[in-house]
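Let's look at a protein fold together and ask how its parts get their labels. Have the picture open as you read.

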Amino acid sequence: MRRDRELVRLTTVGTGTAAPSPGRVSSGHLVECGQALVLMDCGSGVVHRMAEFGLRWPDITHVVLTHFHHDHTGDLPTLIFAWRHGMMPARSAGIQIIGPAGTSDLLDRTSIASGAWVREPGFPVSVREMEPGETFELASGVTIGAHRTPHTDESLAYALTTAGHRLVYTGDTGFDEGLAEWASGCDLLLAECSLPQAMALPTHLTPEQCGQLAALARPGRLALTHFYPPVERVDIRAAVATAFDGPLTLAVDGWTLDLEE
């Protein structure tokens with residue numbers, strides 16, 4: 001991607017959860033980052049949302065999965081099918097799917113259920129399984145790193161880093177000081193905010209815990225996503241502010257932020 005100045009652009013395509021919502025589809029976030037166009041998670045509804053918002057879904061170079069719950073992976077076969085049959089001409093460029101250990105098995109199982117085209121859609125599909133602590137280059141000047149999160153056995157958070165910026169996406173996670181330390185000083189912390197304090201679980205964040213996580217990490221901006229309906233009935237901003245006084249965005253489907261170099 002070339003502009004007058006290189007930038008990192010985040011679009012929160014889907015900010016919802018497993019709970020059907022008229023305003024939020026399941027998890028998916030598109031990041032334009034140098035020569036990489038990265039879709040982080042691909043939950044139900046994300047593919048059609050990208051078309052609705054006029055996003056460059058045909059040009060995605062990498063799909064990154066945080067874990068294997070359906071609200072983070074459900075639209076992956078839809079996206080592959082769209083690249084095969086929903087473009088004229090059909091896609092020919094390769095795609096890399098990145099995820100935790102078990103990602104290749106997930107694709108194999110999806111192929112059994114949906115068809116061999118998931119693995120062999122007519123263009124190259126490669127899989128890169130990341131380990132916590134690993135970092136590698138997605139494109140020239142763009143790296144991705146991974147960190148374990150307390151959600152499922154495989155769950156990972158990711159950091160996309162350029163020469164000028166660092167964007168951290170928690171995926172689904174419980175509160176973890178190690179995650180905050182790993183994210184420390186990032187320009188943008190995109191964190192889940194699933195449940196109100198009255199419904200707190202060790203595998204998800206409450207608004208209060210989002211504030212505590214950000215107070216430790218001190219990002220340039222905290223953006224919250226992955227809202228179950230009950231959490232939207234409390235004052236999220238006030239709860240976050242008990243611990244974190246920095247810039248805060250409650251993301252909606254289609255929200256865009258540019259981090260200019």
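Here are some questions and answers about this predicted model.

Q: What makes β5 and β6 count as paired strands?
A: Pairing needs at least two bridges between the strands. Five bridges join β5 (residues 95-99) to β6, so the two pass that test. They run parallel, and one of the contacts to look for is Ile95, whose bridge partner in β6 is Val125.

Q: Why are β6 and β14 called edge strands?
A: Look at the order of the open sheet: β6-β5-β4-β3-β2-β1-β14, seven strands with mixed pairing. β6 (125-129) and β14 (255-260) each pair on one side only, and that's what earns them the name. From one strand to the next, the twist averages 20°.

Q: How do you know which way helix α3 runs relative to β4?
A: Compare their N-to-C directions, on a scale from 0 to 180 degrees. Helix α3 (residues 76-85) runs at about 170° to β4 (62-64), and it lies across β3 (36-40), β4 and β5. Helix α4 (residues 103-114) lies across β5 and β6, at about 140° to β6.

Q: What makes a residue of helix α6 "buried", and which ones are?
A: The cut-off is under 20% relative accessible area. In α6 (residues 207-217), Pro207, Gln209, Cys210, Gly211, Leu213, Ala214 and Ala217 are buried, so each of them falls under that cut-off.

Q: What covers those buried residues of α6?
A: The cover includes α5 (177-183), β11 (188-192), β12 (221-225) and α7 (236-241). Right after α6 comes Arg218, with a positive phi near 50°.

Notes. Residues numbered from 1 in each chain as written. Predicted model: local features only at pLDDT ≥ 70, side-chain atom pairs only at ≥ 80, totals over all residues. Heavy atoms only, no water. Helix = DSSP H or I, 4+ residues; strand = E, 2+ residues; numbered from the N terminus. Contact = heavy atoms within 4.5 Å. Buried < 20%, exposed > 50% of the residue type's maximum accessible area, 1.4 Å probe, protein only.
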